[in-house]
Amino acid sequence: MKFGYFDDLNREYVITRPDTPLPWINYLGCQAYFGLISNTAGGYSFYRDARLRRLTRYRYNSVPLDCGGRYVYLRDDESKQFWSPSWQPTRNELEDYTCRHGMGYTVIGSSFKGIEAHTRYFVPLDENLEIWQLTVTNKRTTRATLSAFGSIEFCLWDAQDDATNFQRNFSIGEVEIEDGVIYHKTEYRERRNHFAFFACSRPGAGFDTQREAFLGPNRGWDKPATVEAGQLTDSVAHGWSPIGAHQIRLDLAPGETQQIVFVLGYQENPREQKFDPPGSQTIDKRLVKPVIARYLDGKAADGAFERLRQYWDSLLGIFQVDTPDIHTNRMVNIWNAYQCMATFNLSRSASFFESGIGRGLGFRDSNQDLLGFVHMAPERARERILDLAATQLASGGAYHQYQPLTKRGNNDIGGGFNDDPLWLIVGVSAYLKETGDWSLLDELVPYDNEPGSEAPLYDHLLRSFSYTLERLGPHGLPLIGRADWNDCLNLNCFSSTPGQSFQTTTNKDGEVAESVFIGALFVHAGHELAEIAKRRGLAAEAASYLDKVATMELAVLEHGWDGDWFLRAYDDFGDKVGSRECKEGKIFIESNGFCVLAGIGLEDGKAAKALAATREHLATPHGIVLHQPAYSKYYLNLGEISSYPPGYKENASIFCHVNPWVMIAETRLGHGDEAHDYYSRINPSAREGISDVHRCEPYVYAQMIAGRDAPTFGEAKNSWLTGTAAWNYYAIVQWILGVRTTYEGLEIAPVIPASWPGFTATRTFRGVVYEISIERKGVGNKIALTVDGRPIEGNVVSPPEDGRKRVSIMGILS
Ligand code: BGC
Ligand code: NOJ
């Protein structure tokens, strides 16, 4: 069952009924000011940091689920009926409801009793504000006299404090109203130098800033007393809950259309220029007024919208493909790339499953995210890498996360995850391959942001590498520490205290439990490091890294092999995890996928066996589950993984982040059919037809799909902010389509389904546009390339020496 359709030409998903199984959301903003918006206008906004600079309030896990948003109301001032064109919060029976989620914007609208209304929400580039363009058309044969209301509820900045510290917060709310603009200035009097504003393009018939005055006693957003009565009360908030609400009267002739623009934004003043006049408590508005004035003009708003479109056109234009599979095309060309930008911007902080108060930017996560967006925003990738590396510890270890506002690492969600540092090498190598910008490695970057500790970024990579080598266990495999990629495989935790965090508790010395997965990651990252060293003219160093890699590979093959597949780990007792000897959790996806991805066992048949076992034991129609059998009870020695009911999250769900490791692994064995088959099982667009089962948005990946052990097998959760975005993009583009970045140039190595006659693609790479056309003449993966009509040796196309900016590549697969 579907709840909408893809409009690929406009790069939109069009939702045609408001009662989607869950709120289906989109993101506004792509630089510093961000918003989340659901298909019924729910959501909130923040500046840079979803916890520390939250502009508007949102109530997670509310009833109904999606509560608080950018709510517009219309009222027929003759019949006195009122409604919301976005369905929420009034939930009237609407006609022609549609929500178009597009690239950085959302348009929601409907018709009600002959009044057609839609609102376009977006954040202009380079501004810290959002625009709502409300367009109202009278489709009746008679005049319509209406009131339009725009409303938001302010958050008192720190979203965590806002939701808990009521003894203070109910007394501190402050606003100003000047020239019809509502300014939210809670805590501005003392330590803050920022405020929010909510403005409207038309002279208002009234405003409200005190929530209870707007809603009336004991009412919700579904039935504000003032909207019902048709008159706002000009209330001024003192304490309690400041809101912003504007009322505008509209008089529409039959067929007439009018537009109202609302602008909600964030502004900082220089500390010494906070008040006007100085010494008063009134906000100095000289900086903000021109900004507000600019965007209240509908034409300026249209212009800003056009620039936003061009921005996305140019980002997405960097790689476009035309294959025989529509789901591949639309995910690669539009939605997966778009999701990669969202995960880059927000890491795992703010979605409808991440509250924006719990998590900053993850070290491991952000490094992996690079794989998916580095081609679209290389300068920002560079900055991200330097920020991440600056939080690295002198030991080579890493904080698990940092706050984007301060750029400082913290241990709030634990530390000592022994895989973390290695991901830096993976991220940096992706950047180097994309850009060829080797100067990155010479950038001086501190450890733990300590002035005086600066060392070239290259040195950080070496410390990441040594960090693993200095922490090997009894089998010569890497000690797991707090956990590895699987945050919930807590082999040193042994927690039996209710409420204790699995992520921050350690009860064992950590000298025994080892991770085969980190072994594989070390091999993968070590190969990259050696390649980097070689290209820096450090041949001897490179050889020594390869030596270490070879030793690790041997340890994995010897102690990490279970007969038919790769083991997952050794626990604190030295017992196997992910072995046929185990009662539950006999086989895991992570080690099997990543060992083969890293090239382990390709020669001696172990890789092929591991993938066959993965297919036999872990593959389901909805994707590949993490392990089997699922843990049916809690195991003290395994930790959080066994705390989840079977089939959910880390306990044997289909974790979409790691499925692409198996896809890439399959391509390494030349299995295009298998790789693309796995790709299709979790491709959200391919699952659109089962939206009633899948339940999350059909246009973006979710972190997980409930596994076969779950009663809700096939149900997705935790959509949007997940490493799934980058890895699936990377797997389909670089390994299945095989348009792969290398240090030397663009490698063309498709491993596509046998039934595909070929595909075409356009890729802008290091300033050159490559027009790629692949034709299948046989069922294999052997490729012969001609570049601008001339056959070349091998399959790596180096940048043209004569400065040509367009190159055509023809590939024949046989
Ligand atoms: C989740 C993991 C997540 C971790 C973050 C756990 O509860 O299951 O997916 O990585 O928390 O700290
Ligand atoms: C989500 C976390 O963000 C990521 O870092 C982790 O690897 C996976 N969960 C698996 O636990």
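Reader: What makes the approach of ligand 2 to Trp-485 a polar contact?

Author: In this predicted model, an oxygen atom of ligand 2 lies 2.5 Å from a polar backbone atom of Trp-485. A polar contact requires a pair of N or O atoms within 3.5 Å, so this pair qualifies. The protein covers 95% of the 300 Å² of accessible area that ligand 2 has on its own.

Reader: Which distances link ligand 2 to the side chains of Arg-364 and Asp-365?

Author: An N or O atom in the side chain of Arg-364 is 2.8 Å from an oxygen atom of ligand 2. For the side chain of Asp-365, the corresponding value is 2.6 Å. Both values fall within 3.5 Å, and therefore both pairs are polar contacts.

Reader: Why is Phe-655 counted among the residues around ligand 2, and how does that shell divide by class?

Author: Phe-655 is listed around ligand 2, which means that one of its heavy atoms lies within 4 Å of the ligand. The shell comprises 2 nonpolar, 2 polar and 6 charged residues.

Reader: What makes the pairing of Lys-649 with ligand 1 a polar contact?

Author: A polar side-chain atom of Lys-649 is 3.1 Å from an oxygen atom of ligand 1. The limit is 3.5 Å, so the pair meets it. Side-chain N or O atoms of Asp-487 and Glu-650 also approach oxygen atoms of ligand 1, at 2.4 Å and 2.6 Å respectively. Of the 310 Å² of accessible area that ligand 1 has on its own, the protein covers 82%.

Note on methods
Residues numbered from 1 in each chain as written. Chains lettered and ligands numbered in written order. Predicted model: local features only at pLDDT ≥ 70, side-chain atom pairs only at ≥ 80, totals over all residues. Heavy atoms only, no water. Polar contact = N/O pair within 3.5 Å; in protein donor to acceptor, adjacent residues only side chain to side chain. Areas by Shrake-Rupley, 256 points an atom, 1.4 Å probe, with all protein chains shown as cover. Nonpolar A, V, L, I, M, F, W, Y, C, P; charged D, E, K, R; others polar.
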